[in-house]
Amino acid sequence: MKVSDYVLERLRDWEVEYVFSYPGDGINGLLAAWGRAEDRPRFVQARHEEMSAFEAVGYAKFSGRTGVCAATSGPGAIHLLNGLYDAKLDHVPVVAIVGQTDRSAMGGSYQQEVDLAALYKDVASEFCEVVTVPAQLPNVLDRALRVAATRRTVTAVIIPADVQELDHEPPAHAFKQVPSSLGAPRYAPIPAEEELARAAELLNAGEKVAMLIGQGARGARPEVEQVAELLGAGVAKALLGKDALPDTLPYVTGSIGLLGTRPSYEMMRDCDTLLVVGSSFPYTQFLPEFDQARAVQIDLDPSMVGLRYPFEVNLVGDARETLRRLIPLLEPRTDGAWRKTIEDNTARWWEVMERRAEVSADPVNPEYVVHALDALLPKDAMVAADSGSAANWYARHLRMRDGMRGSLSGTLATMGPGVPYVIGAKFAHPDRPAIAIVGDGAMQMNGLAELVTAAKYRGEWSDPRLVVAVLNNQDLNQVTWEMRAMQGAPQFEASQGLPDLPYADIAGLLGLEGVRVERPEDVEPAWRQALAADGPFVIDFRTDPAVPPIPPHATWDQIKAAAQSVLKGDSDRASMVRQGVKAKIQEFLPGGGRS
């Protein structure tokens, strides 16, 4: 047995099903071993190593298991980095196995020689190790997998090409040999009783309680609901926790932040008590004023408590177990005025969203595109949004219901993971439909190539549906609007303009189905056609760049600044002014400003 054979055997022992990768001579030993192992675990070939990492992240996010990716030395290992940082910043368990030049060539400025231990020192800061002798295994692999799973982070194993070809020698029962064992036991830490009592005392004293939950609360839905009922609280969600609680509950205000909803903004503005569960939401300005609310935080990671806000009580523990112990200490609210205000604001917001989706545009309103999908989402849908204005519409218009899953690049907010995320999701759950909502910038950056991957593996998914919706506005729209609103600058065409590609036709050339939509009346039929297809399907929605992703806290001064920038340099696109004013009027005036 070679070292490379043992690596794959150990991955099988850990029940790793897939390794997302791209070949190269730095991992030739592993590739040969894959042939001898009859492709177990399954080698999933992406078009680019960055896509391999994104697919591993998508697999981990939608399966709850550890994602594994592999790459060759030098450029392959470098290409993985963006996807690995996406995993690290979103606290997703991913293990990277990367090749390295032969040990005899190290230090000789050899071809593709990069100091990978130094390169990976930050992204895999919890565990990064170079295998120099066979006896280091299985310990190095076991620790990489165990640390990734238990600390929800990125780890890396670097294996020089010549080491892959050595005969495997297990560690001996000897001095300076390190044996190892399988398994990452589950555990659920809980805070001390006196800390729980302090938190309960603070929460019981509040009259207007707001809750903010993130992905750390995903396994604690019944407990979150019970706490919200006892405290008469509303619940806002960080984007990574969008699927942690259904949006159909009347007190769930939806997303928070730049991409958030107005009822979330208003609840934080007016509350006197804040409970944060399983979230490291970074934008302090969307939380209550510092002297306004008393606050409690619950987080599994002790290094993440006390951030973002001056919390009085920081509880380190598993969200579910901590809330279970907190619930008996909470006093039920008798005055329902605060909760009613939250529910009324939330109901009104969804009416506003419907009206915003109805606003005419040239040719199609992107808000209508996503709003139309909301009612058509399959009950077990897996949805990924790419970064950019597409994330705005995903955050505001899609209502997560029981059984649905959704994600995006929450903290790194990198462009390009939308399509590889849903490919990873399909390997995690081949019996469920997957939908990616991406902008044309992200599609041109990464999505087009990964359509090849979708075409390659389409026959392996029991539910063949994988829908890619491209919001094609020929503009890097989010940055364009940020420049207008924040810098007062008109669109800089040289950096912002994009070519209009026939995305549906390109899908057809790859053997996939697709359709181009240029009229509002064709939006819903296109979604229905895609969701009924027997394979991957691309919808090219020709959307209006003049529809602004206005944040819920935007002031009239900011709207004015954006409008003035349009008039200065975009006089031929002055409809953007009208769209911005229309959208803002609808948020404030009774009846949505229809009169």
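Guide: One term before we start: helices here are DSSP runs of H or I with at least four residues, strands are E runs of at least two, and both are numbered from the N terminus. And keep in mind that this is a predicted model.

Visitor: Got it. How many helices and strands does the protein have?
Guide: The chain being sorted into these elements has 595 residues. Counted by those runs, the protein has 22 helices and 18 strands.

Visitor: What radius of gyration does the protein have, set against a compact globule?
Guide: Along its principal axes the C-alpha trace spans about 80 × 65 × 45 Å. A compact globule with 595 residues would have a radius of gyration near 25 Å. The protein agrees with that, because its own value is 25 Å.

Visitor: What share of the residues is buried?
Guide: To be buried, a residue needs under 20% relative accessible area. As for the surface, the protein exposes about 23,300 Å², with carbon and sulfur atoms supplying 51% of it. Of the 595 residues, the buried share is 56%.

Visitor: And the charges: how many Å apart are the mean positions of the positive and negative ones?
Guide: The protein carries 59 positive and 79 negative charges. Take the mean position of each set, and the two points are apart by 2 Å.

Visitor: Let's go to residues 196–326. How many Å apart are the end C-alpha atoms there?
Guide: The UniProt record, an unreviewed entry, gives this stretch as "domain: Thiamine pyrophosphate enzyme central". The chain over residues 196–326 is 29% helix and 21% strand. Its end C-alpha atoms are apart by 6 Å.

Visitor: What is that end C-alpha value over residues 1–118?
Guide: UniProt, again in an unreviewed entry, has "domain: Thiamine pyrophosphate enzyme N-terminal TPP-binding" at residues 1–118. Here the chain is 45% helix and 17% strand. The end C-alpha atoms are apart by 30 Å.

Visitor: And over residues 386–541, how many Å apart are the end C-alpha atoms?
Guide: The unreviewed UniProt entry annotates residues 386–541 as "domain: Thiamine pyrophosphate enzyme TPP-binding". That part of the chain is 44% helix and 17% strand. Its end C-alpha atoms are apart by 15 Å.

Visitor: Why is helix α1 described as largely enclosed?
Guide: Among the buried residues of α1 (residues 3–13) are Val-3, Tyr-6 and Leu-11. The buried residues pack against several elements, including β1 (18–21), α2 (28–36) and β4 (94–100). The helix is largely enclosed by the rest of the structure because, of its eleven residues, the number buried is eight.

Visitor: Which residue follows α1 with a positive phi?
Guide: The phi in question is near 65 degrees. The residue that has this value, just after α1, is Glu-15.

Visitor: In the loop between α2 and β2, is Glu-38 buried or exposed?
Guide: Glu-38 has a positive phi of about 55 degrees although it is not a glycine. The cut-off for exposed is over 50%. With a relative accessible area of 66%, Glu-38 therefore counts as exposed.

Visitor: What is omega for the peptide bond that joins Arg-40 and Pro-41?
Guide: Pro-41 is found in the loop between α2 and β2 (42–45), where Glu-38 is found too. The bond from Arg-40 to Pro-41 is cis, with omega about -5 degrees.

Visitor: Which residue does Asp-362 lead into through a cis peptide bond?
Guide: The residue's place is in the loop between α12 (337–358) and α13 (366–374). With omega near 0 degrees, the cis bond from Asp-362 leads to Pro-363.

Visitor: Is Ser-407 buried or exposed?
Guide: Ser-407 is in strand β14 (residues 405–407). Leaving out residues up to four places away in sequence, its contacts include Lys-61, Leu-240 and Tyr-421. The cut-off is under 20%, and at 4% relative accessibility Ser-407 therefore counts as buried.

Visitor: Last one. What distance separates the C-alpha atoms of Tyr-85 and Thr-411?
Guide: Tyr-85 is in helix α4 (residues 75–89), and at 23% relative accessibility Tyr-85 counts as partly exposed. Leaving aside neighbours within four places in sequence, Tyr-85 is in contact with Asp-122, Val-123 and Leu-412. Tyr-85 and Thr-411 are 326 residues apart along the chain, and their C-alpha atoms are separated by 9.5 Å.

Notes:
Residues numbered from 1 in each chain as written. Predicted model: local features only at pLDDT ≥ 70, side-chain atom pairs only at ≥ 80, totals over all residues. Heavy atoms only, no water. Rg over C-alpha atoms; globule rule 2.2 N^0.38 Å. Buried < 20%, exposed > 50% of the residue type's maximum accessible area, 1.4 Å probe, protein only. Areas by Shrake-Rupley, 256 points an atom, 1.4 Å probe, with all protein chains shown as cover. Lys, Arg positive; Asp, Glu negative; His and termini not counted. Charge placed at Lys NZ, Arg CZ, Asp CG, Glu CD. Contact = heavy atoms within 4.5 Å. UniProt positions renumbered as here; feature names shortened; annotations may be inferred.
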